[in-house]
Amino acid sequence: MNALIYLALTRLKNNIRDLFRKPARLIYVLLLLLLLFLSIQGSGDATLLENTFRDPRELVAIATGLFLSLFLLTVWNGFSKGGTIFSLSDVNLIFLSPIRRTQILFYGLTRQISTIMLFVLILFYQYSWLHDLYGISMGTMAVILLYYVAAVFLGEVTAMTIYSFTSNRPGTQRVLKGLLLTSLILLALWVLWGAWTSPTDRVAGMVTAALSLPVQLFPVGGWLGWSFSACLRLGSWWPGLVLCLVFFLVLLFLLTHFDQDWYEDVLRTAELAQSAITAKKEGTMESVPTKIRVGTTGLGRGWGASAFYYKHKIENRRGGILLLPMANLIFAVVLIAFSVFTRSGGILPVFFFSVYLQLFSTGQSRINRELYKPFIYLVPEPPFSKLLHALRELLPTTLAEAVIIFVPVGLILGLGPVEILGCVFARISYALLFQSGNLLLERFWSGANKALLFFLYFLILILLSLPGILLSLFLFAGFDLSLNPIVRLVTAAIVNIPIALILLYCLRNMLQYAEYTH
């Protein structure tokens, strides 16, 4: 048997064995399947009249924006670290074996597709509202997921190609970055021009621009959106797929027929990924990025436990030129676009979607990384004081994110200043609540299996959010009051804050000894 086929089948067999040998992972998989089944079953009545659905062109515009974002974010890594389709074990074993590098490349690409497929199953949870708004079928949802995989996959191959040809040519990298940013700016101006030229219905103008030929001809993201429009009888499927196939074949030809050693890209990326994993397991310093904007040195302010807050501020400033991490800004853009297409439903669907996305961004705060370093345990200050000062960085970051999201959303939905402030306050309360739940997980289950941690994370956050949600529902149904949705959100927020503070007080000694969290 071919060595690579044997390796792939052995990996698959071992994964299936691990699934049945580890009950926590099996329970986690079964729970995800159950939630997926409930999401599909709760997608509304399939016999709704066709004229009750929204314009299907809006869904094509949303899908095109999703494919473009995924592809471009993945490609951007090609300017710094290349693709991520191989692990360090592949470098140590497969690359040393007498196997042609073209076969190794195809093996890595095939395994990358299977890895992405497992991840995109989470997108199936969006089927319910997509079905209710646009009347899509399960087949259309499956096409969205397949094109999602194609966007990420082609982005990985493009990133590897870019890094292989430009890693030692900084001038070429600057030119490519400039071309990419210029094309994005022109694309955004084109969509805005479509809204400007349609004063009676600006959303319809943006959608028309997003489905026009300049957007459809944009590499990969536009091509996939062009092909996806055929699922809703708005275009032809074959031009976009043919362009994607030709693009992929060209990249393969460049990687396999030119004297560019993409092994360097693989080795560098695998070492960075492995160093991050090792640092987290051993509690050592995280890997240092290649470029750091130092500026002034020293904390400048802070004494004792408060030094951690100013340390986190400096780390945020040096971490990038943007106010927030790139993932948070992408979430903000997604929410603003979501509010445009669901504005008839009011603020509640947008807010619930923002809280759902907040589940994935809360664990990226500085305190989560601080727990794996020795300094916060060695500072001779009360543990509760260190915990609170380390959490201070959460408030300005969350406030900025909430303002960036809900000011545009409020203007789109026609909310007043007081209602926008209520949304900002409610989202900050959920950030504090989710962060306290994250610390609870770190305190008691930090060394558990990843699948079990993921399951416990969602279970804990749902239980913590339940009192506020139940109280807001009780006020609405028990008293038969037509409460403003903002009042219900603020009511839930008022309940969330004391729950989070009580939980933090119960965890006040988690920084007394490092063994408490490791």
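What share of the 518 residues of the protein chain count as buried? I looked this up before anything else and found 42%, where buried means under 20% relative accessible area, exposed over 50% and partly exposed in between, with a 1.4 Å probe and protein chains only.

I noted that the model is predicted, that local features need pLDDT of at least 70 and side-chain atom pairs pLDDT 80 or more, while totals for chains, interfaces and linings use all residues. I also noted that residues are numbered from 1 along each chain as its sequence is written, and that side-chain values use heavy atoms, with hydrogens and water left out.

I then listed the secondary structure and found 23 helices and zero strands in the protein chain, helices being DSSP runs of H or I of at least four residues and strands runs of E of at least two, numbered from the N terminus.

Next I went to the nonpolar cores, each a set of buried Ala, Val, Leu, Ile, Met, Phe, Trp, Tyr and Cys residues joined through side-chain atoms within 4.5 Å. The largest has 59 residues, and Met141 and Phe228 have the most contacts inside it. Helix α7 (residues 138–166) gives the largest share of this core, 13 residues. Apart from it I found another core of 53 residues, including Leu453 and Ile486.

In helix α12 (residues 238–257) I counted 20 residues, and the buried ones include Cys244, Phe247, Phe248 and Leu251.

Last, I checked leucine 473, which sits in helix α22 (residues 450–477), and found this leucine partly exposed, with a relative accessible area of 41%.

Technical notes:
The expected span of a helix is 1.5 Å times one less than its number of residues.
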